[in-house]
Amino acid sequence: MAGRNLVGPEADALDLGAVFRALADEHRRSVMTQLAADRSDSERGCNSFGLPISKQTQTHHFRVLREAGLIDEIDYGNRKGIRLRRADIEKRFPGLLALLGAEPPGGTAPR
């Protein structure tokens, strides 16, 4: 079954402030870190990220990431697929995904 792509901003319209606001949350940063680590950029289900939050809160976090232009969401009706917009992110903000990949598991750097 083909899904409907929920569209975020065009690559040239990605805003650094919106991206930073999206990445300020530890759960969204965890999603991005996991997606950045998967170089195949395969589509993943919303529940595959192991987030310790409600489904409603997950929906909110994925919407924030999509609206910032970091992910694509594909709506299949009873589920959604998530895919990293790697090429767009690298074009607009070179090195951002490498920084996310360098973040330690758990989302916080040692103090």
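**Entry 1: Glu73**

I started with Glu73 and asked myself: is Glu73 buried or exposed? Glu73 turns out to be buried, because its relative accessible area is 2% and the cut-off for buried is under 20%. I should keep in mind that this is a predicted model.

Next I looked up where Glu73 sits, and I found it in strand 3, which covers residues 71-75. Which side chain makes a polar contact with the side chain of Glu73? I noted Arg66, at 2.6 Å.

Then I listed the contacts of Glu73, leaving aside neighbours within four places in sequence. I wrote down Arg4, Asn5 and Leu6, then Phe62, Arg63 and Arg66, and finally Lys80, Gly81 and Ile82.

**Entry 2: the sheet**

I moved on to the sheet that strand 3 belongs to. I see an open sheet of four strands, and I read their order as 1-3-4-2, with antiparallel pairing. Which strands are at the edges? I jotted down strand 1 and strand 2 (44-45), since each of these pairs on one side only.

I checked how strand 2 pairs with strand 4 (residues 80-84), and I found two bridges in the antiparallel sense. For Gly45, I noted Gly81 as the bridge partner in strand 4.

**Entry 3: helices on the sheet**

I looked at what packs on the sheet. Helix 2 (residues 26-37) does, and I see it touching strand 2, strand 3 and strand 4. I noted an angle of about 65° between the direction of helix 2 and that of strand 4.

Helix 3 (residues 55-67) packs on the sheet too, where it touches strand 1, strand 3 and strand 4. For the directions of helix 3 and strand 3, I wrote down about 125°.

**Entry 4: helix 1**

Which residues of helix 1 are buried? I found Val19, Ala22 and Leu23 among the buried ones. Looking down the axis of helix 1, I see its buried residues within an arc of 95°, so they line one face of the helix. I also checked what covers these buried residues, and my list includes helix 2, helix 3 and helix 5 (96-102).

At the N-terminal end of helix 1, I found Asp15 as the cap. One of its side-chain oxygens lies 3.2 Å from the backbone nitrogen of Gly17.

**Entry 5: confidence**

Last, I looked up the pLDDT. The protein averages 90, and I noted that 93% of the residues score at least 70. Among the elements, helix 1 (residues 16-23) has the highest mean, 97, while strand 1 (residues 4-6) has the lowest, 81.

Methods. Residues numbered from 1 in each chain as written. Predicted model: local features only at pLDDT ≥ 70, side-chain atom pairs only at ≥ 80, totals over all residues. Heavy atoms only, no water. pLDDT = per-residue confidence, 0-100. Buried < 20%, exposed > 50% of the residue type's maximum accessible area, 1.4 Å probe, protein only. Polar contact = N/O pair within 3.5 Å; in protein donor to acceptor, adjacent residues only side chain to side chain. Contact = heavy atoms within 4.5 Å. Pairing = 2+ DSSP bridges. Axes fitted to C-alpha atoms, helices over the stretch in contact; angles between N-to-C directions. Arc of directions from axis to C-beta.
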